[in-house]
Amino acid sequence: MATEVRAEMVANVWKVVVAEGATVEDGDTLVILESMKMEIPVIAEAAGTVSSLRVNEGDVVQEGDVIAVIE
């Protein structure tokens, strides 16, 4: 079953930590967002493989945007 990891707020994608195809564990950091000079890690909500990474460094995400899909 696929798990979509979504942005919780409007923010800039500061750093992408994983790549498509990477194996992640529940709690691993996928990307780091930046909002109002704060760094916000986006963590995996399930263990699996990153099947789709939908952001790049420098992108702006809106609340609810899909950041990654883990299968």
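## A friendly tour of contacts and charges

In this predicted model, the side chains of Arg 6 and Glu 4 meet in a salt bridge, at 2.5 Å from N to O.

Q: How many salt bridges does a search of the whole structure find?
A: Side chains of opposite charge can pair when their charged atoms come close. Arg 6 and Glu 4 form such a salt bridge, with 2.5 Å from N to O, within the 4 Å cut-off. Across the whole structure, the number of salt bridges found is 1.

Q: Is Arg 6 buried, partly exposed or exposed?
A: Let's look at both partners of the salt bridge. Glu 4 has a relative accessible area of 38%, so it counts as partly exposed. Arg 6 has 39%, which lies between the limits of 20% and 50%, so Arg 6 is partly exposed.

Q: Which residues gather with Glu 63 in a patch of negative charge on the surface?
A: Start with where Glu 63 sits: the loop between β7 (60–61) and β8 (66–70). Its relative accessibility is 62%, over the 50% limit, so Glu 63 counts as exposed. Its companions in the negative patch are Glu 8, Glu 25, Asp 26, Asp 28 and Glu 45.

Q: Which residue is 52 places from Val 10 in sequence and 4.4 Å from it in space, C-alpha to C-alpha?
A: Val 10 is found in the loop between β1 (3–6) and β2 (11–16). Leaving out residues up to four places away in sequence, Val 10 touches Ser 35, Val 61, Gln 62 and Glu 63. The one that is 52 residues away in sequence and 4.4 Å away by C-alpha atoms is Gln 62.

Q: Is Ser 35 buried or exposed?
A: Ser 35 belongs to strand β4 (residues 29–35). Setting aside residues up to four places away in sequence, Ser 35 touches Met 9, Val 10, Ala 11 and Ile 40. Its relative accessibility is 12%, and because that is under 20%, Ser 35 counts as buried.

Q: Which residues does Thr 23 touch, not counting those up to four places away in sequence?
A: Thr 23 lies in strand β3 (residues 23–24). With a relative accessible area of 62%, Thr 23 is exposed. Beyond four places in sequence, the residues Thr 23 touches are Gly 48 and Thr 49.

Q: How many Å apart in space are Thr 23 and Ser 52, C-alpha to C-alpha?
A: Along the chain, Thr 23 and Ser 52 are 29 residues apart. In space, their C-alpha to C-alpha distance is 12 Å.

How values were computed:
Residues numbered from 1 in each chain as written. Predicted model: local features only at pLDDT ≥ 70, side-chain atom pairs only at ≥ 80, totals over all residues. Heavy atoms only, no water. Patch = residues over 30% accessible without salt bridge, like charges linked within 9 Å, V, L, I, M, F, W, Y side chains within 5 Å. Areas by Shrake-Rupley, 256 points an atom, 1.4 Å probe, with all protein chains shown as cover. Lys, Arg positive; Asp, Glu negative; His and termini not counted. Charge placed at Lys NZ, Arg CZ, Asp CG, Glu CD. Helix = DSSP H or I, 4+ residues; strand = E, 2+ residues; numbered from the N terminus. Buried < 20%, exposed > 50% of the residue type's maximum accessible area, 1.4 Å probe, protein only. Contact = heavy atoms within 4.5 Å.
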